[in-house]
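This report sets out the backbone arrangement, the strand pairing and selected side-chain contacts of one protein. The sequence and the structure are shown first.

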Amino acid sequence: ALLAPARPRRQGVHPQASVDPDSRVDHDAWIGPHCSVAAGAVIHAGVQLASGCHVGAGSVIGAHSRLGANVVVCHDVSIGERVTIAPGAVIGSDGFGLARDQGRWLNVPQLGSVRIGNDVDIGANTTIDRGALEDTILEEDVRLDNQIQVAHNVFIGAHTAIAGCVGISGSARIGRNCLIGGGAGIVGHLEIADNVVVT
């Protein structure tokens, strides 16, 4: 049987998208319907934004990255090349930073950002919080399943794969080439060496 021809990759900006004139969108990118691209954002060549995506002010999406429907990239986030982000993921929302003051909670400003390396996969409805002071970092070729929570200031080393419903608390450091099984919990400020398997 003959194979069906590949669907051509779209280019340009859909008429129902909102692109700030102070952003930079490469002519070879595709901005789908109901997307919004804020001032100062940079969208590189070959990027594909499915419907309903938001790219915040000052964020950068590297070449040939693909964002599924309704992905939110908050302000000043850096995403590398050939990154795939599945629908519903949120990158760069405020971390859960709280301090007590006379019996009440105060929100601690989250001043860092998120930096994602090349060739990373991020699953559906996964959330990656921005850092409190320094950045939350995912190195190259990290693979995250669906519904994972990555808290503020977390570091995940290159080629690490993490299965669904894992929760990683703030300032944890996970080494390179690690495998983290589904539903695992990693407490804050813990450091995991390279080549560790957690079931």
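## Two residues with positive phi

Asn 125 is located in the loop between E18 and strand E19 (127-129). The model is a predicted one, and in it the phi angle of Asn 125 is near 60°, a positive value in a residue other than glycine. Asn 125 has a relative accessible area of 45% and is therefore partly exposed, since that class lies between the limits of 20% and 50%.

Asp 119 also has a positive phi, of about 60°, although it is not a glycine. Its position is the loop between strand E17 (114-116) and strand E18 (121-122). Because its relative accessibility is 26%, Asp 119 counts as partly exposed.

## Overall form

The protein contains 30 strands and zero helices. Its C-alpha atoms fill a box of roughly 55 × 50 × 20 Å along the principal axes. For 199 residues, a compact globule would have a radius of gyration near 16 Å, and the 18 Å of this protein agrees with that expectation.

Of the 199 residues, 45% are buried. The accessible surface amounts to about 10100 Å², and carbon and sulfur atoms contribute 52% of it. Among contacts with a separation of 6 or more, 13% involve residues 24 or more positions apart.

## The sheet from E2 to E28

Nine strands make up an open sheet with parallel pairing, in the order E2-E5-E8-E11-E14-E19-E22-E25-E28. Strand E2 (18-19) and strand E28 (185-186) are at the edges; each has a single partner strand, so one side of each lacks a neighbour in the sheet. Strand E19, which follows the loop holding Asn 125, is a member of this sheet.

Within the sheet, strand E22 (residues 149-150) and strand E25 (residues 167-168) run parallel and are joined by two bridges. Val 150 stands opposite Ile 168 in E25.

## The sheet from E3 to E29

Another open sheet is formed by nine strands in the order E3-E6-E9-E12-E17-E20-E23-E26-E29, again with parallel pairing. Its edge strands are strand E3 (24-25) and strand E29 (191-192), each of which pairs on one side only. Strand E17, which precedes the loop holding Asp 119, belongs to this sheet.

Strand E23 (residues 155-156) pairs with strand E26 (residues 173-174) in the parallel sense over two bridges. Here Phe 155 stands opposite Arg 173 in E26. The side chains of this pair are also in a charge-over-ring arrangement: Arg 173 lies over the face of Phe 155, at 4.1 Å from the ring centre.

## The E15-E16 hairpin

Strand E15 (residues 98-101) and strand E16 (residues 104-107) run antiparallel and are joined by four bridges. The two strands form a hairpin with two residues between them. Asp 101 stands opposite Arg 104 in E16, and Gln 102 in the turn has a positive phi of about 50°.

A charge also sits over a ring in this hairpin. Arg 100 lies over the face of Trp 105, at 4.3 Å from the ring centre; the ranges of the strands place Arg 100 in E15 and Trp 105 in E16.

## Aromatic rings

How many aromatic pairs does the structure hold? The number is zero. Trp 105 and Phe 155 nevertheless each have an arginine over the ring face, namely Arg 100 and Arg 173.

Conventions:
Residues numbered from 1 in each chain as written. Predicted model: local features only at pLDDT ≥ 70, side-chain atom pairs only at ≥ 80, totals over all residues. Heavy atoms only, no water. Phe/Tyr/Trp six-rings, centres within 6.5 Å; stacked < 30°, edge-to-face > 60°. Lys NZ or Arg CZ within 6 Å of the ring centre and 35° of its normal. Pairing = 2+ DSSP bridges. Rg over C-alpha atoms; globule rule 2.2 N^0.38 Å. Buried < 20%, exposed > 50% of the residue type's maximum accessible area, 1.4 Å probe, protein only. Contact = heavy atoms within 4.5 Å. Areas by Shrake-Rupley, 256 points an atom, 1.4 Å probe, with all protein chains shown as cover.
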